[in-house]
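Q: Before we discuss any feature, could you show me the sequence and the structure together?

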Amino acid sequence: MQPAIEVGELRKWYGDIHAVDGVSFSVQPGEFFGILGPNGAGKTTTLEMVEGLREPDSGTVRLFGESPWPRNPKLLPRIGVQLQASAFFERLTAREQLRLFASLYGVPTKQADEWLALVGLEDMAGVRNEKLSGGQQQRLSIACALAHNPDLVFLDEPTSGLDPQARRNLWELLRGINEQGRTVVLTTHYLDEAESLCDRVAIMDHGRILQEGPPAALVRGLDSPTRISVESGLLPLAEAATLAGDVEVDDDGVSLTFATRTPAPVLAALAERDALRGLSVRGATLEDVFLSLTGREYRA
Ligand SMILES: Nc1ncnc2c1ncn2[C@@H]1O[C@H](COP(=O)(O)OP(=O)(O)O)[C@@H](O)[C@H]1O
Ligand SMILES: [Mg+2]
């Protein structure tokens with residue numbers, strides 16, 4: 001199958017700053033692909049070159065086998081780029097805004113209006129842009145990007161600045177867009193977002209991709225211990241330390257925690273002793289992956 005996206009050795013300098021420093025990846029049709037990294041990692045610059053909005057200093061980009069730069073009219077109907085909410089026209093209502101974008105692609109008004117419902121903004125159709133909440137503005141900008149029904153959708157930090165509930169709601173919308181068979185490429189500085197949404201994620205820092213793969217595979221690749229916690233004091237430390245298999249034990253006065261690479265026998269032994277009150281089981285996360293790749297704590 002022809003990849004939806006193929007990127008080879010992309011580079012971009014801003015003066016002395018090597019914003020993108022040899023980035024390569026490919027994305028298959030239907031995938032949900034994420035570029036994850038802290039602020040300044042080079043995510044937006046990479047995305048803009050892939051979208052054909054910025055000229056690379058070197059390297060290649062192919063979308064469905066075609067180069068997006070210089071502006072390629074063959075590709076425009078097939079790709080959707082989410083605009084920043086700040087790019088909205090002033091004083092237009094949500095419906096007018098969306099119809100205006102749709103008309104640029106020759107999309108019928110009716111089809112444009114359907115997108116308002118699909119992103120959950122039906123009730124806001126007559127409300128002006130600037131009166132919409134942050135989450136509603138993001139939904140509107142996603143509707144504008146999708147109004148012409150593209151196969152491939154680019155979203156640059158779509159949930160940035162939203163409250164946790166609005167972020168979760170937007171995740172549902174993005175999942176739905178991908179489940180319709182569209183290829184989705186998203187940048188984010190939220191580890192949990194990448195972990196929850198993406199089939200595959202590229203971890204980016206200082207203009208380079210450090211590692212790439214399905215989030216669960218990256219985490220598993222770390223081979224870090226599982227942490228099993230129960231209420232503090234449920235077992236004496238000496239007994240806990242010899243409970244089962246290979247464990248490291250710690251009791252901080254709140255939780256008794258076992259770090260182990262063989263969680264099953266530890267859980268079984270705790271169950272046998274009826275010592276499961278307050279149980280929580282935590283594996284490694286992408287945060288641990290970032291730490292192991294860079295030696296730094298992840299700070300977005
Ligand atoms: N137009 C620009 N002019 C100069 N430097 C820029 C410009 N855009 C981005 N940069 C710099 O390039 C680096 C990567 O930025 P960016 O791609 O925006 O990262 P991210 O989206 O991951 O936050 C940063 O050091 C940023 O300051
Ligand atoms: Mg950015």
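The dialogue below takes up the ligand shell, the nonpolar cores and one buried acidic residue.

A: This is a predicted model, in which local features need pLDDT of at least 70 and side-chain atom pairs count only at pLDDT 80 or more, while totals for chains, interfaces and linings use all residues. Residues are numbered from 1 along each chain as its sequence is written, chains are lettered from A and ligands numbered from 1 in the order in which they are written, and side-chain values use heavy atoms, with hydrogens and water left out.

Q: Which residues surround ligand 1?

A: A residue is near a molecule if one of its heavy atoms lies within 4 Å of it. Here the surrounding residues are Tyr 14, Ile 17, Ala 19, Pro 38, Asn 39, Gly 40, Ala 41, Gly 42, Lys 43, Thr 44 and Thr 45. Strand E2 (17-27) and helix H1 (43-51) each supply at least two residues of this shell, and H1 gives the most, with 3 residues; helices (H or I, at least four residues) and strands (E, at least two) are DSSP runs, numbered from the N terminus.

Q: Which polar atoms lie beside the oxygen atoms of ligand 1?

A: An oxygen atom of ligand 1 is 2.8 Å from an N or O atom in the side chain of Lys 43, while a backbone N or O atom of Gly 42 is found 3.0 Å from a ligand oxygen and a polar backbone atom of Ala 41 is 3.1 Å from one.

Q: Which residues touch the most other members of the largest nonpolar core?

A: In general, nonpolar side chains in soluble globular proteins tend to be buried together. A nonpolar core is a set of buried Ala, Val, Leu, Ile, Met, Phe, Trp, Tyr and Cys residues joined through side-chain atoms within 4.5 Å, where buried means under 20% relative accessible area (1.4 Å probe, protein chains only). In this model the largest core has 45 residues, of which Leu 36, Leu 98, Leu 140, Ile 142, Leu 174 and Leu 286 touch the most other members. Its largest share, 6 residues, comes from helix H5 (residues 164-179).

Q: Is Asp 205 buried or exposed?

A: Asp 205, which lies in strand E8 (residues 200-205), is buried, with a relative accessible area of 6%. Its side chain makes a polar contact (a pair of N or O atoms within 3.5 Å, one able to donate a hydrogen and the other to accept it; residues adjacent in sequence count only if both atoms are side-chain atoms) with the side chain of Arg 296, at 2.9 Å.

Definitions and conventions: Buried means under 20% relative accessible area, exposed over 50%, partly exposed in between (1.4 Å probe, protein chains only).
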